[in-house]
Protein chains: 2
Amino acid sequence: MKAEIVSIGTELLLGEITDTNASYLASQLPLLGIDLYWISQVGDNQKRLVEVLKRAWQRSDLILTSGGLGPTEDDLTREAVAEMLGEKLEVNTELEGEITKFFAQRGVKMPQSNIKQAMLIPSASALNNNQGTAPGWWVEKEGCILIAMPGPPGEMQPMWQTEVLPKLRLRFKKAIIFSRTIKTFGLSEAAVGELVSPLLSSTNPTLAIYAKADGIHLRLTAKVKNQSEAEATISHNEARIKSILAEYIWGVDDDRLEALVGELLIKRGLSLAVMESCSGGLFSSTITDVPGSSAYFRGGIIAYSSKVKIANGVSPKLIADYGAVSPEVAGAMAEAARGRLVADIGVGITGVAGPDELEGKPVGTVCIGIDDGKKKKVVAGRYPGDRARIKRRATTAALFELKKVLVTY
Amino acid sequence: MKAEIVSIGTELLLGEITDTNASYLASQLPLLGIDLYWISQVGDNQKRLVEVLKRAWQRSDLILTSGGLGPTEDDLTREAVAEMLGEKLEVNTELEGEITKFFAQRGVKMPQSNIKQAMLIPSASALNNNQGTAPGWWVEKEGCILIAMPGPPGEMQPMWQTEVLPKLRLRFKKAIIFSRTIKTFGLSEAAVGELVSPLLSSTNPTLAIYAKADGIHLRLTAKVKNQSEAEATISHNEARIKSILAEYIWGVDDDRLEALVGELLIKRGLSLAVMESCSGGLFSSTITDVPGSSAYFRGGIIAYSSKVKIANGVSPKLIADYGAVSPEVAGAMAEAARGRLVADIGVGITGVAGPDELEGKPVGTVCIGIDDGKKKKVVAGRYPGDRARIKRRATTAALFELKKVLVTY
């Protein structure tokens, strides 16, 4: 089983965007035990696209393409696949109906050019796109499978997860590569590496360490025959990692901190409110990325100036005595958020996002407060990086501390 | 002049790293007026590597490779290039001396395996690596150039800048490729495509259309001899696009809406506050991504429930009469944000982020209000996609409308 990835779009050849679709798909194939042999990027040029696809069709059993499914003249993937296979493009009335409906729902008439997206060839069946108007293609012929997906990661990844992956799982369940990701926060990549160094030499399962936006991830990967064998193969090393990194671990695999926090709030029947300064709304935005968050998230106050902090219940004396960026004020912000927005738990985040230092406190200083009316927890940290990274770290740190508080209830 | 990029390393095929070397090099070639036709990634496998290099040697005039120059057994780029050209690898005593020195300076004896890195073939000359032990290769034969660089970006980029780029500049100072990106919001990709369709057939400049998170981008690309000629070549089509898409255009090239809004607020001496519902803090977070935004951004209220909206000055009657998701309430939220946070301009964002509809209003419905104390502007729209995309669209729409208001002052 040889797989190949073809990413399509002139912007890739101009270096305007980096091909994250290829690395995303590449990281998914091992889960199916499929070996990836080739990746290539090609521009919006039918001749070269057909040439690349022909070679892929000859040397590979599974071809994954992304890009070139848009409605404009320079979107040529359908045309190229049709030419490669010598088949004719025809409008599929069912697809045409769906696309027309997509526009109608928005009170817009379907632009004529979108009819392209309703076309299929005899060997192709459509893959549903719940994020846009471009359906994917599942092409099967001569024992070879070609799957064409849209270029925008926001459309490609959901299509892969919901439409493609389940279909492929049914076909390929021989030797699988099983992996378990353990997610931590609060230690540097190097520190984690040193703590688990005895496990790094293991060959099955292997252990890899990655620095991500939400902390350091450890990935155990085992090559096994089936799921039950998988658990057995990794369980020993997984247990060792969990005992070594204990309190730094916040989740595994697809866990997201904001979702775990949401589940705990629902389970405990608690509501949440926040007052944010340096994170500038990113904490609220991350919390509200979770569907159903309105059930427990009362709201937030972005107190980007001391005036707003004071107007919303933070003691001016506290700010005068300790400075706006202080554990004391973070705690007061948490308490004020609880009170102002009538929630069970309040979170306060204050710090220095940069580029300039504040009150003599260095860029990256972050203080977090959590208040439940009875207890107040306050932590302070210092994070590297630019504004965006500091905002992200402050948000992750607040979610991490909040989760630790919630599990104790 | 046809160029090709080959990135070498099994980790690329496992999706463990994203190939940023390819996008970096791709973005450099237009400055030399060199057309890039192909990019591919291949693993640490000599047979497939030779196959890929042979094809590149046949179809391209310039081949840029990165990776596979390390000292270990799975670093095979030198071996593969030698095999492709049928030449013999030999230790270059001068290189051997430099590598030995590199280790000596660190008080370490050169590991025997590093001798690989001192090897050359007759057609290759060495490229200095001031960041590591792996010299690059400049191979020239049969009118074709192959440049092999190390994989770590920290070594590849300096080698490109100091060793490769100057050499290539001497060869290719004919045409350069100049491009101008025009950024729009408010029209679908297809709608934009139809409006500018007469320009899509132009070959110099070419016109490409991309759907991005902040709207639809149009890119004009011209092949010219120098900068002054560049402006002349694109000015006509640029002017036509600007007249056709007029009010939908918000910026060009590297412009970011949140930064443009910030500049306008500073220029006008105005302060900003927001009350967000469906965008859940993303508007505030986007505004505060801009360094110095604390100069004009007073703060925000994430009013994720009607309770919080009312507690912060939105009339309960308005919510009862029109619903929380209505132009009327969006306007009232803008006005309340102004008042509560003492700002010159208030923005209100309310809508249905999904997954479930609200008040019988479909997912994706978004209402935006802007209030400056004298005038109130209200717009309503409907956007496709999941929560994350609807939040992003609502934020972009609010920034877009806010910019339109600010330019009129």
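Start by selecting residues 297-303 in both chains: strand β14 of chain A and strand β14 of chain B pair there in the antiparallel sense, over five bridges. Strands here are DSSP runs of E with at least two residues, helices are runs of H or I with at least four, and both are numbered from the N terminus. Two strands count as paired if DSSP finds at least two bridges between them. Now click on Ile301(A): its bridge partner in β14(B) is Ile301(B).

A word on what you're looking at: this is a predicted model, where local features need pLDDT of at least 70 and side-chain atom pairs count only at pLDDT 80 or more, while totals for chains, interfaces and linings use all residues. Residues are numbered from 1 along each chain as its sequence is written, chains are lettered from A and ligands numbered from 1 in the order in which they are written, and side-chain values use heavy atoms, leaving out hydrogens and water.

Next, widen the selection to the whole sheet. It is open, has 10 strands with mixed pairing, and runs β17(A)-β16(A)-β15(A)-β13(A)-β14(A)-β14(B)-β13(B)-β15(B)-β16(B)-β17(B). At the edges sit β17 (376-382) of chain A and β17 of chain B, each pairing on one side only. Neighbouring strands are turned by 10° against each other on average, direction ignored.

Stay with chain B and pick residues 365-371 and 376-382. These are β16 and β17, paired in the antiparallel sense over seven bridges. They form a hairpin with four residues between them, and Gly373(B) in the turn has a positive phi of about 95°. Look for Asp371(B) too: its bridge partner in β17(B) is Lys376(B).

Now bring in the helices. Select 327-341 of chain B for α14, which lies across β13 (272-276), β14, β15 (345-351), β16 and β17 of chain B and runs at about 140° to β15(B). Then add 387-407 of chain B, helix α15: this one packs on the sheet, touching β13, β15, β16 and β17 of chain B, and its direction makes about 30° with that of β16(B). Contact means heavy atoms within 4.5 Å; angles run from 0 to 180 degrees between N-to-C directions, with axes fitted to C-alpha atoms, for helices over the stretch in contact.

Last stop: zoom out to chain A. You'll find 15 helices and 17 strands, with C-alpha atoms filling a box of roughly 80 × 55 × 40 Å along the principal axes. Of its 409 residues, 57% are buried, meaning under 20% relative accessible area with a 1.4 Å probe, protein chains only.

Key
Buried means under 20% relative accessible area, exposed over 50%, partly exposed in between (1.4 Å probe, protein chains only).
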